[in-house]
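Biologist: I'd like to learn how to read a model like this one. Could you walk me through it, feature by feature?

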Number of protein chains: 2
Amino acid sequence: MTESLMLSEFRSRVEFSDKEFAKLIPLFEHLSVKKNEHLFQAGSIAKYVYFIEKGCLRQYYINKNGDERNIYFKTENGWCSELVSFLNNTPTELNLQALEDSELLYINQKNWIYAVTHIPPLTMYFIRAQQDTNYMLKKRLGEATVETPEEKYLRFEKEEPALLKRLPLYHIAAYLGITPETLSRIRKKIVKG
Amino acid sequence: MTESLMLSEFRSRVEFSDKEFAKLIPLFEHLSVKKNEHLFQAGSIAKYVYFIEKGCLRQYYINKNGDERNIYFKTENGWCSELVSFLNNTPTELNLQALEDSELLYINQKNWIYAVTHIPPLTMYFIRAQQDTNYMLKKRLGEATVETPEEKYLRFEKEEPALLKRLPLYHIAAYLGITPETLSRIRKKIVKG
DNA sequence: CATTCTTCTTGATTTGAATCAAGAAATTAA
DNA sequence: TTAATTTCTTGATTCAAATCAAGAAGAATG
């Protein structure tokens, strides 16, 4: 069953009682998605919160001039959605897409609100998880305009070696906010020393 | 008393029952800070969550090369802290500073966790508030590397006219991620048409 | 009112990354 | 294994914003 991963990984990070965890499980359903499929797109509403059992998703933003900027990548045991849209039933400007064939669990709004307001350890887990994202975004924003492309790449290489191997370079470039050409030149330069 | 503003503004945004709101009030204390004072600095721990009754705070990040990047400005009725540090008792890399003499309410960790896990409307309020910040940060990150300085300034002028009047331009520049010189030139150009 | 400090403006110069344009390499599909 | 598509590399050129440098304007202070 789909519960296996949540039991083994997610559960270990949240101090659920058996009872609390038993309440949580049936609120989720399972979904398989193919590479390149979207969970939601700009202009639509994020109807669910997703938990990744297996695979890789990216959240991205399309700018006025049509450029894609990757906001983040999430892999196994990560959570994805866009809660502003999800909670208010308003269209989002962000996109969520599978970069690989992926196995997901998802939860709808009603169940999610129930869970998050009635299971205290989950409340705190979600607040922390959001705040982690928040903090990461703040730092990246602070860095985005000051770091050189090379510094950005070196940071990524150091902090996300697994993603570097797993994803095509043009997605990394769209994450770092540089062109694929520049990324290619940086890598060449680094190899040479 | 300090309760006045919370009653009039914050309360109107959250659907508290009288009982719930009565529980919340005594968890806060009052604090006056002078212009330029820090509530916390990089390397220290964010001990409190702050509510601004009057004044203006900025959260900012100092990069390796010593550049300051303003993450956000908050004014009357805004909430400020750095919850990763606050909840985990770990040093933050961010700074929170008063840009004007300010009147604040603050709440400590124990009280905050109690409130947020025991007052459901507050739970949802905080999750939403954080998610709004989150969403804003994502969009800014998506824009930061694509928009020209002029586009960034025009957006700020449109979206934050009050802050534009209230703050010195070099703080705006440090928010937009451009130099004060560039900002000055943009403004000159715009005035001329 | 004079002085000091803060904030903003202007000019000259440099530079690093984007853009434009092909083509090479690697993957995937037929 | 060949063809087709995707991904990555390399070169030439352009340009917008940073940097460096100085001084003007404005605000705060004694």
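Modeller: Happy to! This is a predicted model. Let's begin with a helix packed on strands: in chain B, helix α4 (residues 109–118) lies across β3 and β8 (102–108), and runs at about 75 degrees to β8(B).

Biologist: What is the strand order of the open sheet in chain B, and how do the strands pair?

Modeller: The general idea comes first. Strands of a sheet pair through backbone hydrogen bonds, either parallel or antiparallel. Here the open sheet has four strands in the order β1-β8-β3-β6 (chain B), and the pairing is antiparallel.

Biologist: Why is one side of β1 and of β6 in chain B left without a neighbour in the sheet?

Modeller: β1 (28–33) and β6 (79–80) of chain B stand at the edges with a single partner strand each, so one side of each has no neighbour in the sheet.

Biologist: How many bridges join β3(B) to β6(B)?

Modeller: Two bridges link β3 (residues 48–54) of chain B to β6(B), and these strands run antiparallel. To find one on your screen, pick B:Phe51: its bridge partner in β6(B) is B:Trp79.

Biologist: Now the interface. How many residues of each protein chain are in contact with the other?

Modeller: The size of an interface is often given as the accessible area lost when the parts come together. Here we can count residues instead: 36 of chain A are in contact with 36 of chain B. On the chain A side, β5 (68–74), α3 (83–88), α4 (109–118) and α5 (120–144) each supply at least two residues. α5(A) gives the most, with 20 residues. By class, that side of chain A has 16 nonpolar, eleven polar and nine charged residues.

Biologist: And the DNA? Which residues are closest to strand D?

Modeller: A surface near DNA can be read by its closest residues, then by the elements that supply it. DNA strand D is surrounded by 15 residues, and the closest are A:Pro168, A:Leu169, A:Ser184, B:Thr148 and B:Thr182. α8 (169–176) and α9 (180–192) of chain A, along with α9 (180–192) of chain B, each supply at least two residues of that surface. α9(A) gives the most, with six residues. The classes are six nonpolar, four polar and five charged.

Biologist: Which element gives the largest share of the surface near DNA strand C?

Modeller: That is α9(B), with six residues. Strand C has 15 residues around it, the closest being A:Thr148, A:Thr182, B:Pro168, B:Leu169 and B:Ser184. Its surface divides into six nonpolar, four polar and five charged residues.

Terms used: Residues are numbered from 1 along each chain as its sequence is written. Chains are lettered from A and ligands numbered from 1 in the order in which they are written. This is a predicted model: local features need pLDDT of at least 70, side-chain atom pairs count only at pLDDT 80 or more; totals for chains, interfaces and linings use all residues. A residue is near a molecule or strand if its C-beta atom, placed from the backbone, lies within 6 Å of it. Ala, Val, Leu, Ile, Met, Phe, Trp, Tyr, Cys and Pro count as nonpolar, Asp, Glu, Lys and Arg as charged, and the others, Gly among them, as polar. Two residues are in contact if their C-beta atoms, placed from the backbone, lie within 7 Å. Two strands pair if DSSP finds at least two bridges between them. Axes are lines fitted to C-alpha atoms, for helices over the stretch in contact, and angles run from 0 to 180 degrees between N-to-C directions.
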